[in-house]
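Let's take a walk through this structure together, one stop at a time. Have the view open and follow along.

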Amino acid sequence: MGRGGYGKEVSEIFKNTNEFIREYRAEFADHLGKAFEESDRLEQYTMLVRLIRRHISRQWVYTNTQYGNKDSGRQIYYFSMEFLIGKLLCSYLTNLGISEIVGEGLSQLGVRLSDLFDVETDAGLGNGGLGRLAACFLDSMAFLGMPGHGNGIRYRFGLFRQKIVDGQQVELPDNWLQHGYPWEIRKPEKAVVVRFNGNVSSYGEGARLRFRHENYDAVLAVPYDVPVIGYARDDQINTLRLWSAEQAGDEFDFASFNRGDYAKALHSRSDAEAISYVLYPNDDNSSGQELRLKQEYFLVAAGVGAIVARFKKKRGNIRELNESIAIHINDTHPALCVAELMRILVDEEGLGWNKAWTVTVNTISFTNHTVMPEALECWPEELFRRLLPRIHMIITEIDRRHRMFLESHAATPGQIASTAIIRDGKLRMVNLAVIGSHTVNGVAALHTEILKRSLLRDFYANFPYKFRNETNGVSHRRFLLCANPGLSGLISECIGDGWIKNFSEIERMLDFGEDSGLLRRLAAVKRENKKRLAGYILDTAGIRVDPDSVFDVHVKRIHGYKRQILNLLKIMSLYNSARENPGVEIVPATFIFAGKAAPGYHFAKTVIHLICKVADRINSDPAVRDLIKVVFLENFNVTIGELIYPAADISEQISIAGKEASGTGNMKQMMNGAITLGTLDGANVEIRDAVGEENMALFGLKVDQVMSFYSKGGYLSWDEYHADQRLKRVVDQLIDGFFPNTGNEFKDIYDGLLRDNDEYFVLKDFDSYMNAFGKLNAWYRQPDAWNRISLHNIARSWPFTSDETVRRYGSEIWDS
C-alpha cells in the first residue's frame with residue numbers, strides 16, 4: 001500500500017483493515033478504560049486521532065532530532081498571528097494514504113468515517129487569507145521536504161463564532177477547545193518567560209555598557225506542538241508550535257481569596273491568560289490596543305527565544321545563527337522579531353551591535369500582505385515604552401542608525417522621514433520589518449509594484465535589492481484533492497494521479513477541451529457539488545436553492561474595498577428588472593455570500609445586515625422565487641469553504657483595483673472550475689495571464705486610473721448616480737423604504753456612496769460590472785462553451801499551487 005514520495009517510501013501504517021481495527025479497539029481500552037461499543041462519536045474521533053498521532057510520533061521525534069544536525073539544512077521558522085488550518089483528519093488520512101483502510105475498518109465497526117470528520121472542529125487559529133496562506137505553506141513545506149516550522153498563538157476562543165440574529169452579526173466565543181485538541185502535545189518543559197513593563201538599568205562590564213530589565217511582569221509562554229504531515233511524506237513530520245499564555249510561577253493571593261476578594265486573587269492569572277484568549281482583540285480602546293501589542297511581543301519573544309535556545313544546544317556558535325536559521329515574518333504582526341533577536345544577541349549573548357545587526361538582518365525576511373493603512377500597525381510610543389522598555393530602547397537605536405545611514409547616502413529629508421520607525425509619537429512596524437529584513441516581498445505582481453511605487457517607494461529607492469515578488473498559492477491537495485473528490489477522480493482518470501504531487505501536470509487536461517463526453521461529466525461533477533452545498537444551505541439557513549441555477553459566490557472578509565456593496569447593487573438591479581419584465585428570460589441565479597466583519601467595523605457589519613435584508617426581500621417574493629435567491633452563510637471557515645469552492649460557478653473577485661494584495665479565494669475557486677468575474681486587482685492579473693481574458697469576465701477601473709483619481713481628483717459619484725437610472729434606483733432603495741422596518745440603518749452606506757464621494761468607486765464600476773455579469777450569463781446558456789472555459793481554468797490553475805510558491809521562497813528568500 002506504500003506510496004512513493006519526495007524522499008523515502010511512505011511506510012505502511014496499517015498492513016490491512018484487521019490490523020487497523022485491532023489497534024483502534026486497543027486505544028479505547030488503553031486510554032478510556034472502555035470497549036469501543038460503549039463509546040460515543042467524540043470518543044471515536046479522539047481515539048482515531050490518538051492512534052494516528054501514536055503511529056507518526058516516532059518519525060516526528062526523529063525529524064526534530066535530524067533537524068538539529070549540522071547537515072540538515074537551514075531551518076525555516078514561519079511566524080504568523082494566524083494559521084487557519086481548519087480540520088486535519090481528512091487531509092492527514094489522505095496524506096498518509098490510509099483513507100481506504102480506515103474508512104473500511106470503521107464501516108465494519110458500524111461507523112461512517114464522514115461522521116468522524118463532522119465531529120472535528122475547525123481550529124480557531126485564524127480568520128482569512130493571511131492565516132490560510134500560512135497553513136498552505138506549512139502543507140507545502142512538509143510535502144517538499146523543507147525543514148519548516150510554524151510559530152503562532154494557541155487562541156483559546158479563536159477570532160469569534162459568527163451568529164446571524166435578525167440579520168445582524170453577533171460575536172460569540174469560538175470555544176473550539178471545549179473538548180480538547182487531540183492533535184496537540186503540550187511541552188511545559190520548553191516554556192519561555194516573557195517580560196512586560198518594569199524598567200531598564202545599565203551597568204558597566206569591562207569596556208561595554210550592559211542593560212538589565214528589572215521589576216517586570218512575567219508571563220509564561222507554554223508551547224503546544226501540532227504535527228504537520230505532508231502528502232506521501234510520513235518520513236518527515238514538521239511542526240506547528242502554538243504558544244499559550246499562563247501565569248509565571250505558582251503565586252496565589254491567598255489572603256485576598258480568604259477575604260472574599262476572588263477577582264483580586266485571580267487578577268494576575270487572568271491578565272496573563274488573556275494574552276492568548278482571542279485573535280485580534282478589538283483595539284478601538286486603549287486596553288484592547290495594549291492587549292494586541294502584548295500578543296505580538298508574546299509570540300515573538302517565545303518563538304525567537306526558543307529558536308536561539310535550540311540552536312545553541314544543537315550547534316553552538318551564535319555568531320553563525322543566520323547560516324542555519326531563517327525567520328520569516330508573515331505581515332507586520334511579528335515585526336518585533338527584529339528587535340527581540342537583537343535584544344537576545346546583544347544583551348544575552350554579548351555580541352557587539354554591528355555583528356548582532358548583521359546576523360539579524362541575514363536571518364529575517366518579511367512578507368507584506370496589504371496596502372490598507374489600518375493594517376499597517378503603528379503603536380503609540382508612550383504605550384510601547386511602558387510595556388516593552390528594553391525593546392523600545394533597541395528600536396530607538398535601530399531607528400537612529402537607519403537615519404544616519406540614509407543621511408550619509410544622500411537620501412532626501414522626505415525619504416528619511418517616511419522610512420523612519422519612530423515619528424510623530426508612533427512606532428511603525430512595517431518600517432521596522434523592512435529595515436530589519438534581508439528580503440521584502442509582495443504577494444502578487446501588481447501588489448509588489450504598488451509597494452515599490454507607492455507605499456514603500458522611499459525604501460525601494462534606497463534599498464532596491466531587498467524587494468521581490470512571490471505570488472501567493474494555495475494547497476491544491478487540500479482544496480481540490482480533498483475538497484472535491486468527484487473532480488479529483490475525474491482528473492486522475494484522464495491523466496493519472498501524477499498531478500497530486502506535480503500540479504503542473506494538470507495542464508494536460510487541456511487535451512480534453514473538445515471531448516463533449518468529458519465536458520458533460522465535468523458538468524455532472526459540478527452539479528453534484530452544487531447539490532451538496534444546496535443541502536447544507538437548506539439545513540443551516542433554511543433556504544431552498546436550485547442546483548441548476550448559476551451559483552455566484554462572494555466569500556471573503558467583509559470590507560469596503562472588497563465591495564460586497566457592488567454585488568448587492570447588482571442583485572437589487574436584477575431583482576428590479578425581473579419584477580418589471582416578467583416575460584424576459586433570465587438565467588436563474590443563486591447569490592452566495594459569507595464572511596466575517598471585524599467587531600469594531602460598523603460599516604462592514606451594516607453590509608452584512610444589508611445582505612440579509614436583500615435576501616429577505618427577494619427570497620420572500622413569489623414573483624422571482626424561481627429566478628433569484630440570496631444566501632448569507634454564517635461563521636465562514638475552512639470547512640464551509642471546502643463546501644463552497646467546488647460548487648461555485650462564478651467567482652466574485654471584485655475589489656477596487658490596487659487594494660487587494662493577492663487574494664487566494666480566487667485561486668481555490670479557479671482550480672475547482674469556477675470562472676472569475678473580477679477586476680484587474682491582486683492575483684487576478686496573473687490569473688488573466690494564465691487563462692486569457694477570453695476565459696474570465698473582467699471589468700472596472702485599472703489601478704493607474706484609481707491612483708489618478710485618488711491623487712488628482714476628477715471623480716464625482718453624483719455624476720454616475722444621475723447618469724444611470726438603474727443605478728440611481730438601487731441606491732435610492734437603500735433609504736426610501738424598500739427595506740421595511742430598517743429606519744435609517746443603511747443611510748451610512750448611502751452617504752458613503754454619494755456624500756463621501758464613493759471611496760471605492762462602486763458607482764463608477766457599476767455599469768461595466770453589470771455588462772461583465774451579463775457576458776457570463778450568456779456563456780452559461782451555452783453549456784458546452786461554459787464547461788470548456790471551466791476546464792480551461794482548472795487546467796491553467798497550476799501556477800497557483802502553494803508548492804510552486806514555497807519552492808520560490810525556498811530558493812529565492814530562505815536559501816533552503
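Start with two helices: helix 12 and helix 15 are roughly perpendicular to each other, because an angle from 65 to 115 degrees counts that way. Keep in mind as you look that this is a predicted model. Helix 12 covers residues 337-348 and helix 15 covers residues 389-408, and their axes cross at roughly 100° and come within 9 Å. Those are the two numbers to look for, since packed helices are described by the angle and the distance between their axes.

Who meets whom at this crossing? On the helix 12 side you'll find V338, A339, E340, M342, R343, V346 and D347, and they meet R390, I391, I394, I395 and I398 of helix 15. Sorted by character, the residues of this contact come out as 8 nonpolar, 4 charged and no polar.

R390 from that contact makes a handy bridge to our next stop. Its C-alpha atom is separated by 9.4 Å from that of G198, although the two residues are 192 apart along the chain. G198 sits in the loop between strand 6 (192-196) and strand 7 (199-205). Is G198 buried, exposed or partly exposed? It counts as partly exposed, because its relative accessibility is 35%. Leaving out residues up to four places away in sequence, G198 touches H213, E214, N215, Y216 and P389.

Now for a small sheet. Three strands make an open sheet in the order 13-15-14, with antiparallel pairing. Strand 13 (378-380) and strand 14 (422-423) are at the edges with a single partner strand each, so each has one side without a neighbour in the sheet. Strand 14 pairs with strand 15 (residues 426-428) over 2 bridges, in the antiparallel sense. If you pick out R423, its bridge partner in strand 15 is K426.

Further along, look for T448 in helix 18, which spans residues 445-455. With a relative accessible area of 3%, T448 is buried. Its side chain makes a polar contact of 2.7 Å with the side chain of N469. Beyond its neighbours within four places in sequence, T448 is in contact with G442, V443, R468 and N469.

Last, jump back to helix 4 (residues 99-108), where I101, V102, G103, G105 and L106 are buried. What covers these residues? The cover includes helix 1 (17-32), helix 2 (41-67), helix 3 (89-96) and helix 5 (113-119). Just after helix 4 comes G110, which takes a positive phi of about 85°.

Note on methods: Residues are numbered from 1 along each chain as its sequence is written. This is a predicted model: local features need pLDDT of at least 70, side-chain atom pairs count only at pLDDT 80 or more; totals for chains, interfaces and linings use all residues. Side-chain values use heavy atoms; hydrogens and water are left out. Two strands pair if DSSP finds at least two bridges between them. Helices (H or I, at least four residues) and strands (E, at least two) are DSSP runs, numbered from the N terminus. Buried means under 20% relative accessible area, exposed over 50%, partly exposed in between (1.4 Å probe, protein chains only). A polar contact is a pair of N or O atoms within 3.5 Å; within protein, one must be able to donate a hydrogen and the other to accept it, and residues adjacent in sequence count only if both atoms are side-chain atoms. Contact means heavy atoms within 4.5 Å. Axes are lines fitted to C-alpha atoms, for helices over the stretch in contact, and angles run from 0 to 180 degrees between N-to-C directions. Angles under 35 degrees count as roughly parallel, over 145 as roughly antiparallel, 65 to 115 as roughly perpendicular and the rest as oblique. Ala, Val, Leu, Ile, Met, Phe, Trp, Tyr, Cys and Pro count as nonpolar, Asp, Glu, Lys and Arg as charged, and the others, Gly among them, as polar.
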